[in-house]
Amino acid sequence: MKNSDILVHTNHRPFPLPKGPWVMKQVWKDLLFAHWPVNEAELLPYLPPGLELEQWEGTPWISMSPFVMDLLKLRGLPPPPGVHRFLELNIRTYVVRDGKPGIFFLNLDASSLLAVAAARLLAHLPYRHATMSYHCAGGDIRYSSKRINAHGDEAVFQGIYRAAQPLCFHAMPGTLLHWLTERYCLYASDRAGRLYIGEIHHLPWPLQEAELHIEHNTSMKALGLTPKSEPSLLTFTKRLEVLVWPIKKIKK
């Protein structure tokens with residue numbers, strides 16, 4: 001898809017496109033969205049001052065997404081070797097600042113050491129290197145991510161997921177699924193507590209109902225989170241093209 005075709009569609013956004021040119025394009029493939037309600041007290045220690053935990057009907061949520069980063073390239077340049085394709089598994093929650101809703105990453109595992117180093121340095125995001133694997137056969141996606149956290153505990157996700165039906169749909173405004181998925185900015189903080197914002201744009205999420213068989217999952221336990229074992233909502237997205245703007249420091 002041409003980038004201009006993505007940029008021309010903006011009515012689905014909750015706020016206008018950011019000023020200035022986008023600087024990076026990413027393509028996300030075979031992405032699972034798994035969502036859980038969680039205890040507010042478990043999330044609050046992660047939030048830096050200046051961000052407010054956003055809740056759906058009085059309950060905060062987290063989401064886990066394993067996927068394939070199948071293209072990462074800077075605008076006007078060829079895909080960089082070693083980081084243009086890698087595996088990623090992220091865990092995020094939902095926040096707001098000055099009335100602008102966004103996401104806050106609790107952890108991002110990636111299979112590329114270069115991608116981890118660059119994202120930690122330039123975007124202030126909590127990327128960590130993990131041993132990861134991905135295999136797709138007959139519609140089933142077998143995904144694995146393994147690492148050891150700073151306390152010596154395993155952070156592992158192993159599971160098989162797939163689209164449960166062929167038809168794609170868009171989340172309806174006003175629904176929990178729309179609240180969880182249609183987010184167009186992220187917030188981050190550095191070690192000094194300074195806040196940053198990064199904005200993105202894409203077409204509305206093309207979602208399919210999904211099935212997930214979890215073989216082993218300690219990825220949230222390693223963060224001190226204790227949601228119930230099975231996610232409350234599941235969707236699958238085959239492919240999404242994303243335009244990314246520079247991460248900017250938030251002025252106080």
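## The β4/β5 hairpin and its surroundings

Let's start at a turn: D98 takes a positive phi near 50° in the hairpin of β4 and β5, where two residues sit between the strands. Everything here comes from a predicted model, so read it that way. The two strands of this hairpin, β4 and β5, pair in the antiparallel sense over 10 bridges. If you want a spot to anchor your view, N90 has L108 in β5 as its bridge partner.

How many of the 11 residues of β5 are buried? Nine of them are, so β5 is largely enclosed by the rest of the structure. β5 has other partners too. With β10 it pairs in the parallel sense over two bridges, and there the bridge partner of F104 is Y187. With strand β6 (residues 127-129) it also runs parallel, joined by three bridges, and A110 stands opposite H129 in β6.

## β8, β9 and β12

Over to another set of strands. Strand β8 (residues 140-148) and strand β9 (residues 154-163) pair in the antiparallel sense, with eight bridges between them. One pairing to look up is K146, whose bridge partner in β9 is V156. The two strands make a hairpin with five residues in between, and G152 in that turn has a positive phi of about 85°.

β9 also pairs with strand β12 (residues 208-217), in the antiparallel sense and over seven bridges. Here Y161 has L212 in β12 as its bridge partner.

## Two more positive phi values

Most residues other than glycine have a negative phi. D30 has a positive one, near 50°, without being a glycine, and E57 is not a glycine either but has a positive phi of about 50°.

Which of these settings is buried and which is exposed? D30 belongs to strand β1 and, at 2% relative accessibility, counts as buried. E57 is found in the loop between β2 and β3, and its 73% relative accessibility makes it count as exposed.

## P66 and its contacts

P66 sits in strand β3. With 0% relative accessibility, P66 counts as buried. What is P66 in contact with, once its neighbours within four places in sequence are left aside? The list is D30, L31, L32, E88, L89, Y143, F157 and Y161. Two of those names have come up already: D30 is the residue with the positive phi near 50°, and Y161 is the bridge partner of L212 in β12.

For a sense of distance, take P66 and N149: 83 residues separate them in sequence, and their C-alpha atoms are 18 Å apart in space.

## Aromatic pairs and charges over rings

The structure holds eight aromatic pairs. One of them joins W56 and W179; the pair is tilted, with 5.8 Å centre to centre and 55° between the planes. W56 lies in the loop between β2 (52-53) and β3 (61-74), while W179 is in helix α4 (residues 176-181), so the pair ties together parts that are 123 residues apart in sequence. W56 is partly exposed, at a relative accessible area of 21%, whereas W179 counts as buried at 13% relative accessibility.

W179 has a charge to deal with as well: the charged end of R183 sits over its ring, 4.7 Å from the centre. In a similar vein, K100 lies over the face of F15, at 4.5 Å from the ring centre. Elsewhere, ring pairs link W28, F33, F67 and W205 into a cluster.

## The largest pocket

How big is the volume of the largest pocket? It comes to about 860 Å³. The pocket is lined by 43 residues, and the closest to its centre are M24, Q26, L125, Y127 and V244.

Several elements give two or more residues to this lining: β1 (24-37), β3, β4 (86-97), β5 (100-110), α3 (113-123), β10 (185-189), β11 (195-201) and β13 (233-244). Of these, α3 gives the most, with six residues. Both strands of the opening hairpin, β4 and β5, are on that list, and so is β10, which pairs with β5 in the parallel sense.

Methods:
Residues are numbered from 1 along each chain as its sequence is written. This is a predicted model: local features need pLDDT of at least 70, side-chain atom pairs count only at pLDDT 80 or more; totals for chains, interfaces and linings use all residues. Side-chain values use heavy atoms; hydrogens and water are left out. Rings of Phe, Tyr and Trp (its six-membered ring) pair if their centres lie within 6.5 Å; planes under 30 degrees apart count as stacked, over 60 as edge-to-face and the rest as tilted. Helices (H or I, at least four residues) and strands (E, at least two) are DSSP runs, numbered from the N terminus. Buried means under 20% relative accessible area, exposed over 50%, partly exposed in between (1.4 Å probe, protein chains only). A charge sits over a ring if NZ of Lys or CZ of Arg is within 6 Å of the ring centre and within 35 degrees of the ring normal. Two strands pair if DSSP finds at least two bridges between them. Contact means heavy atoms within 4.5 Å. On a 1 Å grid over the protein atoms alone, a cavity is a set of points where a 1.4 Å probe fits but cannot get out, and a pocket is an open set with protein on both sides within 12 Å along at least five of seven lines; lining residues have an atom within 4 Å of a point. Grid points are joined across faces, edges and corners, and a volume is the space filled by probe spheres set on the points.
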